[in-house]
Structures are given as structure tokens and as C-alpha cells.
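Reader: I am new to this structure. Could you walk me through its core and one of its pockets?

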Amino acid sequence: MKICKHWTYTKKIRWRIRALWALLAGMLVYMFVIGELGGGDSRIMTPLAGRFSRIVFFGGLVYVVWRIRQNKKLLRSRQLLQQQMKTELDERNQYLHDKSGGIVADILLAILLFVTLTASMFDMAAFYTAFSVLAAATLLKAAAYWFYSRQGGERPL
């Protein structure tokens with residue numbers, strides 16, 4: 001985030017809150033559009049696709065609202081804001097995030113989640129394909145994160 005390098009941490013948090021509100025609005029618009037297009041018909045959805053779509057969508061809504069509340073709480077408390085800033089700027093956390101794919105892997109996972117959610121509403125073959133790719137990408141990221149987190153205290157020979 002070299003563009004935002006000169007911003008204060010408080011300003012970054014405010015932009016996160018705005019982005020989360022935009023995401024929340026986008027999720028509600030998405031839900032309306034899917035409903036208008038006739039997606040989410042329980043007669044064509046398998047039980048896995050139905051559960052997946054409900055968990056991802058409604059769980060996502062709850063998560064976004066929770067993150068908005070958490071970020072607003074950070075802005076009210078200077079001590080919490082400093083603790084969060086230290087956690088985010090911790091070099092070890094940044095190293096693990098970068099080694100497990102970094103921002104590119106995060107964006108890829110978000111795109112795969114969106115594609116899988118959309119496919120679960122319309123086409124089961126596409127859903128199962130997207131679901132398996134999403135699961136594989138998630139497992140790879142988690143395995144890389146775990147592997148590099150274990151290497152922290154060991155010395156190479």
C-alpha cells in the first residue's frame with residue numbers, strides 16, 4: 001500500500017469502514033439481483049450448495065457488520081487503536097502473510113468465493129468445480145501459512 005503510506009492509521013481505519021459499508025451495500029444488491037434472476041431455487045440446488053450459499057452469504061453479512069463495529073470501536077479507543085496497529089505492523093505476521101500468497105492469494109480467494117457462491121445459485125456442475133478449486137486454494141494457503149509459521153525458530157543446516 002505505497003499509495004496510503006503517508007496516511008495516518010486512523011485515516012486507514014476510516015477508509016476501511018467506508019469500504020466495508022460499500023461491501024455491505026454490494027452484498028445486498030447482489031442478493032436482490034440473484035433473486036430477480038431466479039437464482040437460489042431450492043428445486044435445483046443440492047443440499048451442499050444450499051448450505052454453502054446460506055453460510056457464505058448470511059455469515060458474510062454478519063462478518064461485515066461485525067468488522068464495521070470493531071473498526072468503529074478502534075476509532076473510539078486510542079489504546080485499542082495502538083494495539084491493532086502493532087499487530088498489523090508486526091513483521092512476523094507480514095512475513096507469514098506474504099509467504100502464504102499475500103494480497104494476490106487473498107484477492108484470488110475472494111474471487112473464487114464470489115464465483116462459487118454465484119455458481120451455487122444456478123448450476124451444480126459449475127458449483128462443484130468452483131467449490132473444489134476454492135477448497136484447494138484455501139488448503140494451499142493454510143498449509144503454506146502453517147509451514148512457514150513452524151520454521152520461525154529453526155536454523156537451517
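Author: Happy to; below are a few questions and answers about a predicted model.

Reader: Which helix gives the most to the largest nonpolar core?

Author: This core has 22 residues. Helix 1, helix 2, helix 5 (102–122) and helix 6 (124–150) each supply at least two of its residues. With seven residues, the top contributor is helix 2.

Reader: Which residues touch the most other members of that core?

Author: Nonpolar side chains tend to be buried together in soluble globular proteins. Among the 22 residues of the core here, the ones touching the most other members are Phe57, Val64 and Leu117.

Reader: What is Val64 in contact with, leaving aside its neighbours within four places in sequence?

Author: Contact here calls for heavy atoms within 4.5 Å. With those sequence neighbours set aside, the partners of Val64 are Leu20, Leu23, Leu24 and Met27.

Reader: How many residues are in the second, separate core?

Author: Its members include Ile13, Ile17, Leu74 and Leu81. The size of this separate core is five residues.

Reader: Now the second largest pocket: which residues are the closest to its centre?

Author: This pocket has a volume of about 240 Å³. Its lining is made of 15 residues. Closest to the centre are Gly40, Met45, Ser53, Arg54 and Met121.

Reader: Which element gives the largest share of that lining, and how many residues?

Author: Two or more lining residues come from helix 1 (9–36) and from helix 2 (47–76). The largest share belongs to helix 2, with six residues.

Reader: How many residues of this lining are charged?

Author: The lining of the second largest pocket holds eight nonpolar residues and six polar ones. The number of charged residues is one.

Conventions. Residues numbered from 1 in each chain as written. Predicted model: local features only at pLDDT ≥ 70, side-chain atom pairs only at ≥ 80, totals over all residues. Heavy atoms only, no water. 1 Å grid on protein atoms, 1.4 Å probe; cavity = no way out; pocket = protein on both sides within 12 Å on 5 of 7 lines; lining within 4 Å. Points joined across faces, edges and corners; volume = space filled by probe spheres on them. Helix = DSSP H or I, 4+ residues; strand = E, 2+ residues; numbered from the N terminus. Nonpolar A, V, L, I, M, F, W, Y, C, P; charged D, E, K, R; others polar. Core = buried A, V, L, I, M, F, W, Y, C linked by side-chain atoms within 4.5 Å. Buried < 20%, exposed > 50% of the residue type's maximum accessible area, 1.4 Å probe, protein only.
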